[in-house]
Amino acid sequence: MLMMAVANLSFAQEGIGDSNEGQNVFTIEDSVTWGNITMEQVERLADMASKGHSNAQYYLGRCYFNGFEVPKDRRKAVEYYGMAAEKDHTEALYYLGFCYKYGFGVAKNEDKAWMFFSKAVKWLQEELEKDPWAPYYLAMCYNYGFGVEVDNKKSVELYEKAAQMGNSQALVNLALDYQMGNNVAKDSGKAIALFTQAAEKGNPQARLSLGYCYLEGDGVPVDKEKANQLFNLAAQQGLPAAKKALQQP
């Protein structure tokens, strides 16, 4: 089942940007997606994972897979995904399928990959109207053929659904599609609008991408000052790539 709400694992960041006042509450899913999780949060995840919490096991797997505040160890990531998948944790099933498909931390096995993806798709379809991450992950399944046949049109529709449900990362993925012309006709103006929407929701990856648009004049006039402002906002939120962007000459 899709289990995005983890007791005591959401965290607050100050709302940064002209349209954000007060605080935005970002979930561990946001933090792991953006790569700005802290050691304190990892330690809390590890404690809960040791007590059998499937959500914590899944998120800890993501941390080990990417090397977020822990050494990158994809075998250990597979172990944690497996623990959560045994409890039918949807995203753990998805990422376990991903690991078996591409041989990350485990030997490639297309049959096992399809089995785990198919189980994930089943749960995602059941949670489609309840959780904004369900259409997001299902969109990726249709985009890459994970547990379903590739259907790019369906993928875009699901990203749009997730975005309408408040998922800022879906806005970022849609923006990238329009920026690159993937699955949709290339439209720089649409990409800028979507990046801007996500940035206004406090998404640091959107701020980073929008910053590069201003730096390179992609869909907007070149504005290095605006680009650096956006890089700085994303860096303040702990996004490593934004910190690197600020170091550019």
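**Notebook: helix α4 and the core**

I began with α4, and what covers its buried residues (buried is under 20% relative accessible area with a 1.4 Å probe, protein chains only) includes α2 (39–50), α3 (54–66) and α5 (90–102). Helices here are DSSP runs of H or I, at least four residues, numbered from the N terminus.

A note on what I am reading: this is a predicted model, where local features need pLDDT of at least 70 and side-chain atom pairs count only at pLDDT 80 or more, while totals for chains, interfaces and linings use all residues. Residues are numbered from 1 along each chain as its sequence is written, and side-chain values use heavy atoms, with hydrogens and water left out.

Which residues of α4 are buried? I found Ala77, Val78, Tyr80, Tyr81, Gly82, Ala84 and Ala85.

Next I checked the span of α4 (residues 74–85): its 12 residues should cover 16 Å at 1.5 Å a residue, and its end C-alpha atoms are 16 Å apart, so the two agree. The expected span is 1.5 Å times one less than the number of residues.

At the start of α4, I saw a side-chain oxygen of Asp73 within 3.3 Å of the backbone nitrogen of Arg75.

Then I turned to the largest nonpolar core (buried Ala, Val, Leu, Ile, Met, Phe, Trp, Tyr and Cys residues joined through side-chain atoms within 4.5 Å). Of its 81 residues, Tyr94 and Tyr137 touch the most other members. Helix α7 (residues 133–144) gives this core its largest share, nine residues.

Last, I looked for disulfides (cysteine sulfur atoms within 2.5 Å of each other) and found zero in the whole structure. Cys141 is buried at 0% relative accessible area, and Cys213 is buried at 2%.

Key
Buried means under 20% relative accessible area, exposed over 50%, partly exposed in between (1.4 Å probe, protein chains only). Helices (H or I, at least four residues) and strands (E, at least two) are DSSP runs, numbered from the N terminus. Contact means heavy atoms within 4.5 Å. A polar contact is a pair of N or O atoms within 3.5 Å; within protein, one must be able to donate a hydrogen and the other to accept it, and residues adjacent in sequence count only if both atoms are side-chain atoms.
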